[in-house]
Amino acid sequence: MTAKPVHFKRVTLIGIGLIGSSFAHVLRRDQLADHIAINARSQQSLDTATKLGLADSTTLDPAEAVKGSDLVVICTPLGAYETVIQTIAPHLEAGCIVTDVGSVKEMVIETLSPHIPDGVHLVPGHPIAGTEHSGPEAGFPELFQDRWCILTPTPGTNANAVEHIAALWQTAGMKIEIMEAKHHDHVLAITSHLPHLIAYTIVGTATDLADDLKQEVVKYSASGFRDFTRIAASDPIMWRDIFLNNREAVLDILGRFSEDLTALRRAIRHGEGETLSETFTRTRDVRRKIIDAKQDK
Ligand code: NAP
């Protein structure tokens with residue numbers, strides 16, 4: 001599907017890390033905004049954004065940043081949302097669209113909605129694209145290409161605003177799915193949050209091994225462990241906030257996972273080779289389907 005043309009007068013990005021800077025690159029590349037205003041926590045990140053040519057203006061004050069904006073994109077870790085929205089809400093102008101990129105969606109709606117002024121439209125979103133790197137220099141415009149972006153509007157959300165945000169992410173190369181926030185959080189718990197938790201656990205276990213064994217883990221690191229270390233190198237604050245804010249869905253999926261792990265453990269203990277090979281054959285099919293869907297190579 002070709003994206004509808006979309007253009008904004010002043011876009012404010014709150015947070016200019018991996019996702020915010022990748023998005024800013026797209027805004028620049030496709031000339032989607034007359035003015036890009038950037039706010040972050042540190043002057044250093046703002047200076048980097050300026051050096052990369054991503055900002056028309058920068059400020060450490062989020063309230064100042066959003067003034068006169070017709071689009072505000074919150075690109076901070078989830079734990080900053082409450083403070084951010086409290087600070088910017090009185091300065092949002094009628095007609096402005098507020099969207100975000102956070103990895104959990106029910107909590108975002110609960111946190112942001114009560115502060116959104118009349119005439120301002122909230123369109124929660126989650127571009128499912130990322131790397132283990134953080135910060136403004138980690139961003140690149142192709143990050144979003146051929147990935148899914150999930151939007152989770154509520155029944156009262158302005159349909160025109162949803163269309164604008166959908167068109168924006170399509171211009172970035174993304175495919176759009178509209179989903180209920182609770183469902184999003186369940187799907188992501190299994191596809192993203194649990195795998196990260198497992199990676200953090202495995203790498204943590206290896207780190208706690210006796211010193212001599214630890215050195216060998218690094219030296220002989222086979223691709224299995226190496227892949228986990230890449231995932232477990234993801235930003236600790238971002239992932240702390242995801243687990244704190246998607247608690248119920250993650251605990252639910254974790255319960256299912258523990259049961260399946262126990263079943264495999266039993267199969268290994270009792271030498272049930274057929275159970276093991278059946279499980280591993282089923283999982284191989286999943287890999288094939290992901291490649292067929294062009295979500296990996
Ligand atoms: P990141 O690289 O760590 O960048 C976070 C940015 O937020 C930094 O610019 C930081 O400023 C800024 N920030 C933090 N607290 C702030 C505050 N109180 N006010 C203003 N700015 C603040 O993070 P990211 O990977 O881009 O992730 C951002 C969001 O995208 C998260 O909500 C995450 O769930 C979501 N997401 C991430 C991925 C991924 O793979 N990384 C994928 C999809 C969605 P300083 O640089 O000055 O500290």
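In this predicted model, helix 11 (residues 247-269) packs against helix 12 (residues 273-292) at an angle of about 140°, and their axes lie 8 Å apart. Angles over 145 degrees would count as roughly antiparallel and those from 65 to 115 as roughly perpendicular; the two helices are therefore oblique to each other. On the side of helix 11, the residues that meet helix 12 are Leu264, Ala267 and Ile268. Their counterparts in helix 12 are Thr275, Leu276 and Thr279. By type, the residues of this contact divide into four nonpolar and two polar, with no charged residue.

**The three-stranded sheet**

Strands 7, 8 and 9 form an open sheet in the order 7-8-9, and the pairing is mixed. Strand 7 (125-127) and strand 9 (175-178) are the edge strands, each of them paired on one side only. From one strand to the next, the twist averages 20°. Strand 7 pairs with strand 8 (residues 148-151) in the antiparallel sense, over three bridges. Gly125 has Leu151 of strand 8 as its bridge partner. Helix 6 (residues 159-171) lies across strand 7, strand 8 and strand 9, and runs at about 165° to strand 8.

The loop between strand 7 and strand 8 contains Asp146. This residue has a positive phi of about 65° although it is not a glycine. With a relative accessible area of 44%, Asp146 is partly exposed.

**Helix 4 and its surroundings**

Helix 4 (residues 81-88) has four buried residues named Tyr81, Val84, Ile85 and Ile88. They cover an arc of only 90° around the axis, so they are on the same side of helix 4. The elements that cover these buried residues include strand 1 (8-14), helix 3 (62-66) and strand 4 (71-74). Strand 5 (97-100) and helix 5 (106-112) are also among them.

Thr111 is found in helix 5. Its relative accessible area is 12%, which makes Thr111 buried, since the cut-off for that class is under 20%. Leaving aside neighbours within four places in sequence, Thr111 is in contact with Tyr81, Glu82 and Ile85. Of these contacts, Tyr81 and Ile85 belong to the buried residues of helix 4.

**Single residues**

Gln31 is another residue other than glycine with a positive phi, here near 50°. Gln31 is found in the loop between helix 1 (18-29) and strand 2 (33-39). At 61% relative accessibility, Gln31 counts as exposed, because the limit for that class is over 50%.

Thr201 is part of helix 7 (residues 181-207). Thr201 counts as partly exposed, at 47% relative accessibility. In sequence, Thr201 and Phe228 are 27 residues apart, and in space they are 9.4 Å apart from C-alpha to C-alpha.

The accessibility of the four residues discussed singly is set out below.

| Residue | Relative accessible area | Class |
|---|---|---|
| Gln31 | 61% | exposed |
| Thr111 | 12% | buried |
| Asp146 | 44% | partly exposed |
| Thr201 | 47% | partly exposed |

Definitions and conventions. Residues are numbered from 1 along each chain as its sequence is written. This is a predicted model: local features need pLDDT of at least 70, side-chain atom pairs count only at pLDDT 80 or more; totals for chains, interfaces and linings use all residues. Side-chain values use heavy atoms; hydrogens and water are left out. Two strands pair if DSSP finds at least two bridges between them. Axes are lines fitted to C-alpha atoms, for helices over the stretch in contact, and angles run from 0 to 180 degrees between N-to-C directions. Contact means heavy atoms within 4.5 Å. Buried means under 20% relative accessible area, exposed over 50%, partly exposed in between (1.4 Å probe, protein chains only). The arc is that of the directions from the helix axis to the C-beta atoms. Angles under 35 degrees count as roughly parallel, over 145 as roughly antiparallel, 65 to 115 as roughly perpendicular and the rest as oblique. Ala, Val, Leu, Ile, Met, Phe, Trp, Tyr, Cys and Pro count as nonpolar, Asp, Glu, Lys and Arg as charged, and the others, Gly among them, as polar.
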